[in-house]
Amino acid sequence: MKNFGTLLGYELKKLLARKLAWAAVLALAVFCVAATLRAGNTGGRVYHDILDEDGAPLVVTGEQARREALEKAGSELNGRVMDEAFFQEMLENMPDFSSREQQIVYFGLEGGAWSGPFSLAQGVFWTTGTVTAGSFYAEWQKNTQAYLDNYANASLSQGEKDYWGEKMAQIERPFVYRYPWPGTTKLMDFFYVLLGLLPVAAGICLCTVFSGEYRDRMDALLFTAKKSRRPLYFAKALAGAVVAVLAGVVIVGVTAAAHLAVWGWKGFDAALQMWQPVLPRPITVGQMLVSLLALLVLYTLVCGSISMLVSALTRSSVGALAVPVVLAQIMARFHQRPYGWKGYLPENLIAWDGPTNVQLVKVFGVYLDNLQFGTLLYLGIALVLLALCWLGWRRGAKW
């Protein structure tokens, strides 16, 4: 193992020198940026049952919605404590809606600084015309506990409920109002696109890790020295893991940067309850998104590990490229409720169902939430797959 550093450097150089692979990664990154920019002003709404002054259906364009969201993110209300005075001022500044149409027109076209707090209060306390600080937080506590009691057909154990009860106690009350980052919904929607693109990037970058020598007729020479097999395997596996993570970081990072360019940066410090009121996680919107972005990078590592394993077992670059992509497409079509082990499927863990899943896993007497355990699970799967590559490597030494 004295020359392991040299071997690792050589394997990294081989992978990083594959211009076609990195051109593909760059193309995928450019696609993500273009799709993000295009989606920034899309997603408008048409209310066919509500007519404007010209008698046409009311239309709220995506550009109008984005501009309004950015204005709310920079509102002077951000940072104010949601106490009794806050709710009283909110009610004084909101119109007295006499119809659903009037409310839709107000929120869709006129908006205003107080429409954000009003929507939040409406999501917790339906009769917002009489809401007070005391009634709001009592209702929030009641609704959050009901969410825990009824989640997954009331399958949470008492230990799990007690865990979340402790987490709920850590949530600062009264809330400090902050409009959540406006790009949250768009970025989480885009996670589904990334779940399809990252296996392609991993497969393209790593499909030749173990099959390249067989293709170049170098395998017999490499296997002549028995003492070199193990260090060379470790160098290949580690180099492949590094490149998979690098490819994931590039694509995921560029996507996140593009969303920041479109939606700004204000709102990352908003408590998660500003986005989904009944969730008992004492974290911010930014912390949630960082956890999901990190899981996407780990997902790329898992896909790369699958590609390397197929490469080692079959000595086929085509198979090593195709298998992770096909598996990702199969899982994407395996629509299941995000309960139990199904909650750790990529589309259930790294998207909308991830933060809302409150089922826990006990490891050595300690409860872990799904994002924590999912991180350990994906990392463990990647390590197991990389270890299995050794079987294919040893098998090749006997040929």
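The legends below describe close-up views of a predicted model.

**Figure 1. A salt bridge within helix 3, between lysine 72 and glutamate 68.** The side chains of the two residues form a salt bridge with an N to O distance of 3.0 Å. Lysine 72 and glutamate 68 are about one helical turn apart, because four residues separate them in helix 3 (residues 62–73). In an α-helix, which has 3.6 residues a turn, residues three or four places apart point the same way. Both lysine 72 and glutamate 68 are buried. This pair belongs to a structure in which a search finds seven salt bridges.

**Figure 2. A salt bridge between lysine 161 and aspartate 149.** The closest N and O atoms of this pair are 3.5 Å apart. The salt bridge links distant parts of the chain, with lysine 161 in helix 8 (residues 158–169) and aspartate 149 in helix 7 (residues 133–150), twelve residues apart. Lysine 161 has a relative accessible area of 19% and is therefore buried, the limit being under 20%. Aspartate 149, at 28% relative accessibility, is partly exposed.

**Figure 3. A salt bridge between two loops, formed by arginine 178 and aspartate 269.** The side chains of arginine 178 and aspartate 269 meet at an N to O distance of 3.1 Å. Arginine 178 is in the loop between helix 8 and helix 9 (184–206), and aspartate 269 is in the loop between helix 12 (229–263) and helix 13 (285–314), so the salt bridge ties together parts that are 91 residues apart in sequence. Both partners are partly exposed: arginine 178 has a relative accessible area of 26%, and aspartate 269 has a relative accessibility of 46%. Elsewhere, Glu11, Lys14 and Lys236 are joined into one network by salt bridges that share partners.

**Figure 4. A nonpolar surface patch that includes methionine 331.** Val326, Leu327, Ile330 and Met331 make a nonpolar patch of about 320 Å² on the surface. Methionine 331 is located in helix 14 (residues 317–332). With a relative accessible area of 31%, methionine 331 is partly exposed. Residues of such a patch must have over 30% relative accessible area, so methionine 331 meets this cut-off.

**Figure 5. An edge-to-face aromatic pair of tyrosine 151 and tyrosine 339.** A search of the whole structure finds 18 aromatic pairs. In the pair of tyrosine 151 and tyrosine 339, the ring centres are 5.3 Å apart, with an angle of 75° between the planes. The pair links distant parts of the chain: tyrosine 151 is in the loop between helix 7 and helix 8, and tyrosine 339 is in the loop between helix 14 and helix 15 (346–349), 188 residues apart. Tyrosine 151 is buried, at 7% relative accessibility, whereas tyrosine 339 is partly exposed, at 23%.

**Figure 6. A tilted aromatic pair of tyrosine 233 and tryptophan 390.** The ring centres of tyrosine 233 and tryptophan 390 lie 5.2 Å apart, and the planes make an angle of 55°. Tyrosine 233 belongs to helix 12 and tryptophan 390 to helix 17 (residues 370–397), so that this pair links distant parts of the chain, 157 residues apart. Both residues are buried, tyrosine 233 with a relative accessible area of 5% and tryptophan 390 with a relative accessibility of 15%.

**Figure 7. The buried face of helix 4 and an aromatic cluster.** Phe86, Phe87 and Met90 are buried in helix 4 (residues 84–93). Seen down the axis of helix 4, the buried residues fall within an arc of 95°, so they line one face of the helix. These buried residues pack against helix 6 (115–124) and helix 7. Phe86 and Phe87 are also part of one aromatic cluster, together with Trp114, Phe136, Tyr137, Trp140, Phe175 and Tyr177.

**Figure 8. The surroundings of threonine 255 in helix 12.** Threonine 255 is buried, with 1% relative accessibility. Not counting residues up to four places away in sequence, threonine 255 touches Cys32, Thr36, Leu187, Phe190 and Leu194.

Methods:
Residues numbered from 1 in each chain as written. Predicted model: local features only at pLDDT ≥ 70, side-chain atom pairs only at ≥ 80, totals over all residues. Heavy atoms only, no water. Salt bridge = Lys/Arg side-chain N within 4 Å of Asp/Glu carboxyl O. Buried < 20%, exposed > 50% of the residue type's maximum accessible area, 1.4 Å probe, protein only. Patch = residues over 30% accessible without salt bridge, like charges linked within 9 Å, V, L, I, M, F, W, Y side chains within 5 Å. Areas by Shrake-Rupley, 256 points an atom, 1.4 Å probe, with all protein chains shown as cover. Phe/Tyr/Trp six-rings, centres within 6.5 Å; stacked < 30°, edge-to-face > 60°. Arc of directions from axis to C-beta. Contact = heavy atoms within 4.5 Å.
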